[in-house]
Amino acid sequence: MVEISSLSVTLGGKALLSGVDMKINRGRLNILLGRNGSGKTTLINCLNRTVPYSGRILISGKDLSKLSPGEKARLCAFVPQLLPTPRLKVGELVPMGRTPHIPLGKRPTAEDISAVTAAQERMGLGALWHRELSSLSGGELQRAYLAMALAQDTELLILDEPTSHMDIIAAEEFMTLCRELVDGSGKTLLVTVHDIASAVRFGDDITVVKDGRPVFSGAKEACLEAQILEKTFSLERYTHGDRIFFCPDGGEGGI
């Protein structure tokens with residue numbers, strides 16, 4: 001789905017990424033992990049083409065640097081960590097996802113309307129449809145923006161720390177929804193998270209970024225077998241039933 005090779009970013013004389021090689025696999029929930037300042041947000045910004053980079057990024061075999069904004073928007077939808085709350089209602093925001101598919105000056109087609117309706121239903125936004133964005137909780141706002149991304153009808157969805165402003169219940173529900181999008185709709189997701197236990201529970205593939213480059217990128221099972229998470233984040237792993245949890249090495253409490 002996505003092939004990244006020799007990706008490097010230098011801003012203000014500081015190397016933020018250096019020689020990154022990795023793949024984002026089609027039809028899987030890809031999790032991106034890393035401490036603050038590790039380079040994961042810079043990597044996301046490269047995929048969103050908001051920072052200059054050297055190297056190559058291919059999405060479905062197409063060079064990202066050579067795509068027009070419209071072409072990129074038909075391949076990849078992006079939901080940022082900090083979500084704006086313009087004076088719009090949910091029912092006005094979600095249809096904006098169809099913008100890349102509607103020629104300038106043309107009206108939405110039956111296909112566009114159907115895509116918006118499907119996104120609304122998938123996210124369960126019926127009761128929120130006429131609510132102002134500014135009145136929504138963090139979880140509700142994320143669902144609204146994810147609905148807009150779904151209406152955009154791309155195979156690849158990139159979500160930058162979508163659960164960072166959610167309580168534990170809302171975060172669990174949101175990650176379950178991401179899992180369902182992969183399993184039920186065949187979407188490809190790249191999601192950055194801080195909750196390592198959640199990453200292991202819901203993810204298929206895991207990329208761990210440290211000091212501007214991946215120290216691991218591959219299947220979750222291989223990551224666990226090699227104890228990459230324990231080594232990178234100084235954690236201890238323990239299990240309860242079929243669930244895996246982590247705590248600071250020598251300490252108590254989950255991460």
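**Helices, strands and cut-offs: a guided look**

Visitor: Why are helix 5 and helix 6 described as roughly parallel to each other?

Guide: Their axes cross at roughly 15° and come within 12 Å. Angles under 35 degrees count as roughly parallel, over 145 as roughly antiparallel, 65 to 115 as roughly perpendicular, and the rest as oblique. The crossing angle falls in the first of those classes, so helix 5 and helix 6 are roughly parallel.

Before we go on: this is a predicted model, where local features need pLDDT of at least 70 and side-chain atom pairs count only at pLDDT 80 or more, while totals for chains, interfaces and linings use all residues. Residues are numbered from 1 along each chain as its sequence is written, and side-chain values use heavy atoms, with hydrogens and water left out.

Visitor: What makes something a helix or a strand here, and where do the axes come from?

Guide: Both are DSSP runs numbered from the N terminus: H or I over at least four residues for helices, E over at least two for strands. Axes are lines fitted to C-alpha atoms, for helices over the stretch in contact, with angles from 0 to 180 degrees between N-to-C directions.

Visitor: Which hand does the crossing of helix 5 and helix 6 have?

Guide: That crossing is right-handed. The test is how the near helix is turned from the far one by less than a right angle: clockwise is right-handed, anticlockwise left-handed.

Visitor: Which residues of helix 5 and helix 6 meet?

Guide: Q142, R143, L146 and L150 in helix 5 meet F174, L177 and L181 in helix 6. They divide into 5 nonpolar, 1 polar and 1 charged. Nonpolar covers Ala, Val, Leu, Ile, Met, Phe, Trp, Tyr, Cys and Pro, charged covers Asp, Glu, Lys and Arg, and the others, Gly among them, are polar. As for contact, it means heavy atoms within 4.5 Å.

Visitor: On to the sheet. Why are strand 6 and strand 10 said to stand at the edges?

Guide: The sheet is open, with 6 strands in the order 6-7-8-3-9-10 and mixed pairing. Strand 6 (76–79) and strand 10 (213–219) each have a single partner strand, so one side of each has no neighbour in the sheet. From one strand to the next, the twist averages 15°.

Visitor: How do you know that strand 3 and strand 8 pair?

Guide: Two strands pair if DSSP finds at least two bridges between them. Strand 3 (residues 29–33) and strand 8 (residues 188–192) have 4 bridges and run parallel. N30 stands opposite L190 in strand 8.

Visitor: What does helix 6 touch in the sheet?

Guide: Helix 6 (residues 168–185) packs on the sheet against strand 3, strand 7 and strand 8, and its direction makes about 135° with that of strand 3.

Visitor: Which strands form a hairpin with D211 in the turn?

Guide: Strand 9 and strand 10, with 2 residues between them; D211 has a positive phi of about 55°. Strand 9 (residues 205–210) pairs with strand 10 in the antiparallel sense over 6 bridges, and I206 stands opposite G218.

Visitor: What about the hairpin of strand 4 and strand 5?

Guide: That hairpin also has 2 residues between its strands, and S60 takes a positive phi near 50°. The two strands pair in the antiparallel sense over 2 bridges, with K62 in strand 5 as the bridge partner of I59.

Visitor: Why is S60 called partly exposed?

Guide: Buried means under 20% relative accessible area, exposed means over 50%, and partly exposed lies in between, using a 1.4 Å probe and protein chains only. S60 has 32%, so the middle class applies.

Visitor: What makes helix 1 largely enclosed?

Guide: 6 of its 8 residues are buried, so the rest of the structure largely encloses helix 1. The buried ones are K40, T42, L43, I44, C46 and L47. Just after helix 1, R49 takes a positive phi of about 60°, and at 29% relative accessibility it counts as partly exposed.

Visitor: How far apart are P80 and D160 in sequence and in space?

Guide: They are 80 residues apart in sequence and 5.2 Å apart in space, C-alpha to C-alpha. P80 sits in the loop between strand 6 and helix 3 (90–93). Leaving aside residues up to four places away in sequence, P80 touches Q142 and D160.
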